[in-house]
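Here's a friendly walk through one protein model, a few spots at a time. Have a look at the structure first, and then we'll go through it together.

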Amino acid sequence: MLPRDLALYELDRRRLPGWPAAPLLRPRPERLDDPRDAALAERILFGTIQNLLLLQNLIHHYSGRNAKSIDPLVQKILSLALYQLRFLERIPPSAAVNEAVNQVKRFGRSKSAGFVNAVLRKATRELPPPLPDRQAEPAQYAALALSHPPELFERLRELVGAEEALALCEHDNREPPLIVRLAPGATERELQLAGLMIRPHEREGCFVIEGAKRSHLADLARRGIAQAQDPTAVAVVADGCPIEPGWVALDRCAGLGTKTLQLLERVGQGGRGGRVVAVDPNPIRSRTLQSLLAERGIANAAVYEASFLSNVPELKEVSFDLALVDAPCSNSGVLARRPEARYAQSKSALRSLAHLQSTILADTASHVRPGGFLVYSTCSIWPEENRGQIERFLDKRADYTLVTEKATLPSLSTDPTRYHDGGYWARLQRSPNEPVTS
């Protein structure tokens, strides 16, 4: 299996603008044996999604045809190849063209081989079409040059103004650095591996790592030394959660458990240690977290696969000292890491997410003890998912008050040691004696 074929499989199963999600019939490979091939497949896939609107415009320009007249699978193969031609200097143009022609043949589109060859050969000979003026036509420039849909750009412009909105779009198109959080008791020396460059991040306890492979990161996590985590995400627990040793904490929407592990570090272990309960509706994520905890010998944590706390009989009588709701969101603060999310920022999508966030908050709030804390967080920068969500919650729950909150925009610095994603957290405290009103 070639890396470009794996990239095509992954591209084909995603819902992206202008293309139907049409899973390929042949079996998808589980993995590529060579880590370099796996890295190339990931780079091609990530970059193609990141630059999708630009690449679709190039297909139209070099083919002279409307997108509706071109087989969607052929368009996807062309996009992967055009990304390589335009952005990957180490891949010879002839190799990118020849591989795309062979790929359409391998995937049952032999009749399109000549068309693909002609389009890509033209792209190697001719200049691309001119882009809109950045200052005079910022929305058009954001769409065609930076692949940020008009609706997304307008939301950014309303939030921060046109110039900073463009800067955020440019931020989203830069490759984010790999940042890890060092576990308590671990040392920077333990991060040092052959061939790696380690630099301290401005966030204490975080480090930028260059040259690490997935196996390196997995080993660091397995040994409890460090885990990949952006500083904005680190701050949710480090700054937002006022945990004391011995507390019982809930990690709602736990995912793969990055924040679960942070909470465990804070509640402590042993005779005076506390306990963390992790809940997530996804069976794969839940099993993965259970395996990680078992592998590391962590006994003061429990993982439940559930959509609602009411579905977990063991939790009906539990009153948590602290509940963290790391809610599903639009991912608008992490578009540099999750490029496909930029194409899912519509009003209808945000309304659906806001409803889900409200439901999760309501399901969690009554499980916090009187006087305890509820921390709500997202990796979004949209006010309706953040402060707006908190205001709606407080309108319904008079037994809660807002203690403090923090909204963060993605960093615009190109210095990796100052990099951070966007996000939000709010700390709420439940009254020790007021009755619940709803």
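## Getting started with I91

Contact here means heavy atoms within 4.5 Å. Keep in mind, too, that this is a predicted model.

With that in hand, try I91, which sits in the loop between α4 and α5. Which residues does I91 touch, leaving aside its neighbours within four places in sequence? The list is R4, L40, Q84 and A96. I91 counts as buried because its relative accessible area is 12%, and the cut-off for buried is under 20%.

## Helix α4, just before that loop

Now step back to α4 itself, which covers residues 72-87. That's 16 residues, reaching 22 Å from the first C-alpha to the last. The span expected at 1.5 Å a residue is also 22 Å, so the helix comes out close to expectation.

How much of α4 is tucked away? It's mostly covered, with twelve of its 16 residues buried. The buried stretch takes in L73, V74, Q75, K76, I77, L78, S79, L80, A81, L82, Y83 and Q84. Q84 is also one of the residues that I91 touches. As for partners, the buried residues of α4 pack against α1 (3-12), α2 (35-50), α3 (52-63), α5 (93-106) and α6 (113-125). At the start of the helix, look for D71: one of its side-chain oxygens comes to within 2.7 Å of the backbone nitrogen of L73.

## S147, a serine with a positive phi

Next stop is the loop between α7 (138-144) and α8 (150-160), where you'll find S147. Its phi is near 55°, a positive value in a residue other than glycine. Is S147 buried or exposed? S147 is buried, because its relative accessible area is 0%.

What does the side chain of S147 reach? It gets to the backbone nitrogen of L54 at 3.1 Å. A polar atom of that same S147 side chain also lies 3.3 Å from the backbone oxygen of N51. Beyond its neighbours within four places in sequence, S147 is in contact with Q50, N51, L52, L53, L54, A142, R342 and Y343.

## The loop between β8 and α14

Another positive phi turns up at N331, at about 65°, and N331 is not a glycine either. You'll find N331 in the loop between β8 (320-326) and α14 (347-365). N331 counts as buried because its relative accessible area is 16%, which falls under the 20% cut-off.

A344 belongs to the loop between β8 and α14 too. With a relative accessible area of 42%, A344 is partly exposed. Want a long-range pair to look for? A344 and L152 are 192 residues apart along the chain, yet their C-alpha atoms are separated by 8.8 Å.

## Helix α14 and S348

After that loop comes α14, a helix of 19 residues. It reaches 27 Å from its first C-alpha to its last, close to the 27 Å expected at 1.5 Å a residue. Its buried residues are L350, L353, A354, Q357, I360, L361, D363, T364 and A365.

S348 lies in α14 as well. At 46% relative accessibility, S348 counts as partly exposed. The side chains of S348 and S346 are joined by a polar contact of 3.2 Å. For a pair that sits further apart, try S348 and S413: they are 65 residues apart in sequence and 32 Å apart in space, C-alpha to C-alpha.

## One cavity

How many cavities of 30 Å³ or more does a search of the whole structure find? The answer is one. The largest cavity has a volume of about 40 Å³.

Around it you'll see L156, L168, D172, S332, L335, I381 and P410. Sorted by class, that lining has five nonpolar residues, one polar and one charged.

Key
Residues numbered from 1 in each chain as written. Predicted model: local features only at pLDDT ≥ 70, side-chain atom pairs only at ≥ 80, totals over all residues. Heavy atoms only, no water. Helix = DSSP H or I, 4+ residues; strand = E, 2+ residues; numbered from the N terminus. Buried < 20%, exposed > 50% of the residue type's maximum accessible area, 1.4 Å probe, protein only. Polar contact = N/O pair within 3.5 Å; in protein donor to acceptor, adjacent residues only side chain to side chain. 1 Å grid on protein atoms, 1.4 Å probe; cavity = no way out; pocket = protein on both sides within 12 Å on 5 of 7 lines; lining within 4 Å. Points joined across faces, edges and corners; volume = space filled by probe spheres on them. Nonpolar A, V, L, I, M, F, W, Y, C, P; charged D, E, K, R; others polar.
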